[in-house]
Amino acid sequence: MVDVRIRKPVAICAGLFVVGLVSFSCSSPKPASTPLWGDLKPVVSVKELMHDMIDPIADYVFESVRIVTTAQGTVETYPRTEEDWDKIRVGGVTLAEGAYLLKIPRPFAPPGDENNSAGPNAPELSPAQMVAKIEKDPVLWNAKIEALRNVGLEVLEIVKQKNVDRLWDAGEDLDIACETCHIEYWYPGEKGLWDKLDRRLEELYGPRASKKPFGMGK
Ligand code: HEC
């Protein structure tokens, strides 16, 4: 038996050789390119990745430009020093690279954590429901990941140009990238709310007013 298994490929190779032309297909099989240098092994759940990496690092971008008005007056925050810009670049790189960590299959929540997913109008999906949604349409999940990555790239471009005005746009784009994924996979019940709001606005003010907030409520 073993013998046969070993000899079979040899026979095929010999066959190819006879058919003619020296063929390299018999040399040891090597993939044309090496897509990854090794395995990707997740450490934490999606929930923890959000809490311990994506969310805190996003603040490097969100909080880089701000205008806060209090009784004492108005305080404007914007990057002034090289260090300020470095920090924003750390945010951009971590978001752009870190987004792809969401492509590694990993649990959605730590073991035993079912999210706020019980009861008739549960606000959150359970981890199992999240997995089911992604398995049904992995392309959509990947598109949300790419959208997050693109904002990371946008931030890197802005840092290169040291363009404070565009930082405001990046903050808004980032918010959209986060929320359009959350509304799909985390608390889709709110999507219904946006739809209702849209319909109501349309009734009141006509189709133009129904411009969807943050592209939600499709
Ligand atoms: C590709 C989809 C996706 C993107 C993009 C995304 N998230 Fe999430 N996020 C999730 C999912 C799914 C959950 C819910 C996980 C769970 O509760 O099991 C979540 C949960 C969270 C949580 C809750 C964590 C906790 O401890 O309960 C925070 C905070 C969060 N995300 C922040 C962000 C921020 C900030 C961004 C953008 C910078 C972002 N997310 C982008 C999918 C995404």
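## Helix α2: span and kink

The expected span of a helix is 1.5 Å times one less than its number of residues. In this predicted model, α2 contains 17 residues, and a straight helix at 1.5 Å a residue would therefore reach 24 Å. The end C-alpha atoms of α2 are only 21 Å apart, short of that value. Within α2, a kink of about 30° is located at Ile54, shortly before the proline Pro56.

## Packing of α2

Val46, Ala58 and Val61 are the buried residues of α2. Their packing partners are α3 (82-98), α5 and α6.

## Surroundings of the ligand

The ligand is surrounded by 23 residues, of which Met50, His51, Ala58, Cys178 and Cys181 come nearest. Ala58 is also one of the buried residues of α2. By class, the shell comprises 17 nonpolar, three polar and three charged residues.

Four helices each supply at least two residues of this shell: α2 (46-62), α4 (127-136), α5 (138-161) and α6 (164-185). The most is given by α2, with seven residues. Two of these helices, α5 and α6, also pack against the buried residues of α2.

## The β1–β2 hairpin

Strands β1 (residues 66-70) and β2 pair in the antiparallel sense over five bridges. Together β1 and β2 form a hairpin, with two residues between them. Thr69 has Thr74 of β2 as its bridge partner.

Strand β2 (residues 73-77) is hardly covered, as the count of buried residues among its five residues is zero.

Key. Residues are numbered from 1 along each chain as its sequence is written. This is a predicted model: local features need pLDDT of at least 70, side-chain atom pairs count only at pLDDT 80 or more; totals for chains, interfaces and linings use all residues. A residue is near a molecule or strand if its C-beta atom, placed from the backbone, lies within 6 Å of it. Ala, Val, Leu, Ile, Met, Phe, Trp, Tyr, Cys and Pro count as nonpolar, Asp, Glu, Lys and Arg as charged, and the others, Gly among them, as polar. The bend at a residue is the angle between axes fitted to the seven residues ending there and the seven starting there. A residue is buried if 20 or more other C-beta atoms lie within 10 Å of its own, exposed if 12 or fewer, and partly exposed in between; C-beta atoms are placed from the backbone. Two residues are in contact if their C-beta atoms, placed from the backbone, lie within 7 Å. Two strands pair if DSSP finds at least two bridges between them.
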